[in-house]
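Biologist: I would love a close look at one part of this model, the sheet of chain B. Could you walk me through how it is put together and how it sits in the complex?

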Protein chains: 2
Amino acid sequence: MTDSHRLTEEVRRANERFYRAFESLDIEKMAQVWVQDDTAHVIHPGWTAKYGWEEVRDSWVAIFDNTRYMEFDVTDVHILVVGDLARVTCVENLRSVVGDEQNTGQVQATNLYVQRGEQWLMVHHHGSPIFTS
Amino acid sequence: MTDSHRLTEEVRRANERFYRAFESLDIEKMAQVWVQDDTAHVIHPGWTAKYGWEEVRDSWVAIFDNTRYMEFDVTDVHILVVGDLARVTCVENLRSVVGDEQNTGQVQATNLYVQRGEQWLMVHHHGSPIFTS
């Protein structure tokens with residue numbers, strides 16, 4: 001395996017860990033995949049950006065509190081690694097239960113991961129609604 | 001000026017160049033600020049991602065063909081530089097004329113720039129509609 005291939009696979013696994021943490025609806029699991037400092041940003045579909053780990057964490061808590069079930073099939077995964085920062089562009093095909101409502105939908109995501117020691121930690125998640133192909 | 005401050009200012013200028021190119025509605029000016037290879041991705045508000053310079057370019061041509069006027073006031077600019085890749089999170093406060101319709105609105109953006117020699121070139125633009133603060 002080339003170095004570039006190895007790094008791409010590491011980032012692919014980090015991206016899978018993020019979606020498994022999202023499905024867990026458990027803030028402690030979500031916290032483990034994030035950089036926990038001022039550089040953490042999140043943009044949920046239709047929201048303005050939340051800046052810094054404290055705001056990012058609060059946003060996940062709010063989402064998890066309102067969600068009873070979440071399942072992702074992640075497709076169209078494109079990975080670019082530039083030094084210690086990696087970009088993942090992907091489509092989230094999701095099924096969720098919020099309150100008593102079952103939802104299915106698609107979200108277009110940009111995920112960024114920064115290498116910290118042996119780990120790739122999420123530093124940015126931007127999800128946006130898809131209205132058209 | 002520290003090295004870190006200098007790099008941040010370089011990326012800030014690259015981000016300003018992108019919005020001036022967008023306002024110009026001129027595909028040649030837009031082309032100058034982009035990486036023109038497979039790594040270029042763009043996600044316009046409500047769209048799925050376009051992958052590679054050819055698709056990215058076509059998307060701008062389609063937008064420019066339908067837009068008579070575009071003006072941005074860019075706020076909430078946060079810049080992170082990690083080696084040769086930089087992230088900008090910002091809000092686009094825009095006024096546009098599409099067909100005979102005047103629009104004002106806000107778009108939440110994630111912009112990524114990669115350093116190529118003396119230049120920071122856009123490799124990723126993700127804009128999403130804002131429904132709530």
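Modeller: Happy to: we will start with confidence, go through the sheet of chain B strand by strand, and then turn to the partner chain.

Please keep in mind that this is a predicted model. The predictor assigns the complex an ipTM of 0.95 and a pTM of 0.96. For chain A, the average pLDDT is 96, and 99% of its residues score at least 70.

Now to the sheet itself. In chain B, 6 strands make an open sheet, and their order is β2-β1-β6-β5-β4-β3, with mixed pairing. The edges are taken by β2 (50-51) and β3 of chain B; each has a single partner strand, so one side of each lacks a neighbour in the sheet. As general background, strands of a sheet pair through backbone hydrogen bonds, in either a parallel or an antiparallel sense.

Let us start from the β3 edge. β3(B) pairs with β4(B) in the antiparallel sense, over 13 bridges. Within this pair, B:V81 stands opposite B:A86 of β4(B). The two strands form a hairpin with 2 residues between them, and in its turn B:G83 has a positive phi of about 65°.

One step further in, β4(B) and β5(B) run antiparallel and are joined by 14 bridges. Here B:E92 stands opposite B:V107 in β5(B). This pair is a hairpin as well, with 2 residues between the strands, and the turn residue B:G99 has a positive phi of about 65°.

β5(B) also runs antiparallel to β6(B), and 10 bridges join them. One example is B:N111, whose bridge partner in β6(B) is B:H125.

How exposed is a residue such as B:E101? B:E101 belongs to strand β5 of chain B. B:E101 has 8 C-beta neighbours inside 10 Å; the limit for an exposed residue is 12 or fewer, so B:E101 counts as exposed. From B:E101 to B:V61 there are 40 residues in sequence, and their C-alpha atoms are 19 Å apart in space.

The sheet also has a helix lying across it. Helix α1 (residues 3-24) of chain B crosses β3, β4, β5 and β6 of chain B, and runs at about 165° to β3(B).

A second helix offers another local view. Helix α2 (residues 27-32) of chain B contains B:A31. With 14 other C-beta atoms within 10 Å, B:A31 is partly exposed. Leaving aside residues up to four places away in sequence, B:A31 touches B:Q36 and B:R57. B:W53 is 22 residues from B:A31 along the chain, and 9.0 Å separates their C-alpha atoms.

Next, the partner chain. 30 residues of chain B are in contact with 30 residues of chain A. On the chain B side, the elements that give two or more residues are β1 (41-43), β3 (67-82), β4 (85-98), β5 (101-116) and β6 (119-129). By class, that side of chain B has 14 nonpolar, 14 polar and 2 charged residues.

How are the two chains related? Chain B superposes on chain A by a rotation of 180° with 0.0 Å of shift along the axis, at an RMSD of 0.0 Å. This is the relation of a two-fold axis. In chain B, the C-alpha nearest that axis belongs to B:S128, at 2.8 Å. Both copies use the same surface, as 100% of the contact residues of chain B recur in chain A.

You can follow the sheet in chain A too. Its open sheet has 6 strands in the order β2-β1-β6-β5-β4-β3, again with mixed pairing. β2 (50-51) and β3 of chain A are its edge strands, each with a single partner, so one side of each is left without a neighbour in the sheet. β1 (41-43) and β6 (119-129) of chain A pair in the parallel sense over 3 bridges. In that pair, A:H41 has A:H124 of β6(A) as its bridge partner. Helix α1 (residues 3-24) of chain A packs on the sheet, touching β3, β4, β5 (101-116) and β6 of chain A, and makes about 165° with the direction of β3(A).

At the β3 edge of chain A, β3(A) (residues 67-82) and β4(A) (residues 85-98) pair in the antiparallel sense over 13 bridges. A:V74 stands opposite A:E92 there, and in the hairpin, A:G83 takes a positive phi near 65°.

Notes:
Residues are numbered from 1 along each chain as its sequence is written. Chains are lettered from A and ligands numbered from 1 in the order in which they are written. This is a predicted model: local features need pLDDT of at least 70, side-chain atom pairs count only at pLDDT 80 or more; totals for chains, interfaces and linings use all residues. pLDDT is the predictor's confidence in each residue, from 0 to 100. Two residues are in contact if their C-beta atoms, placed from the backbone, lie within 7 Å. Helices (H or I, at least four residues) and strands (E, at least two) are DSSP runs, numbered from the N terminus. Ala, Val, Leu, Ile, Met, Phe, Trp, Tyr, Cys and Pro count as nonpolar, Asp, Glu, Lys and Arg as charged, and the others, Gly among them, as polar. Two strands pair if DSSP finds at least two bridges between them. Axes are lines fitted to C-alpha atoms, for helices over the stretch in contact, and angles run from 0 to 180 degrees between N-to-C directions. Copies are superposed by least squares on the C-alpha atoms of residues with pLDDT of at least 70 in both. A residue is buried if 20 or more other C-beta atoms lie within 10 Å of its own, exposed if 12 or fewer, and partly exposed in between; C-beta atoms are placed from the backbone.
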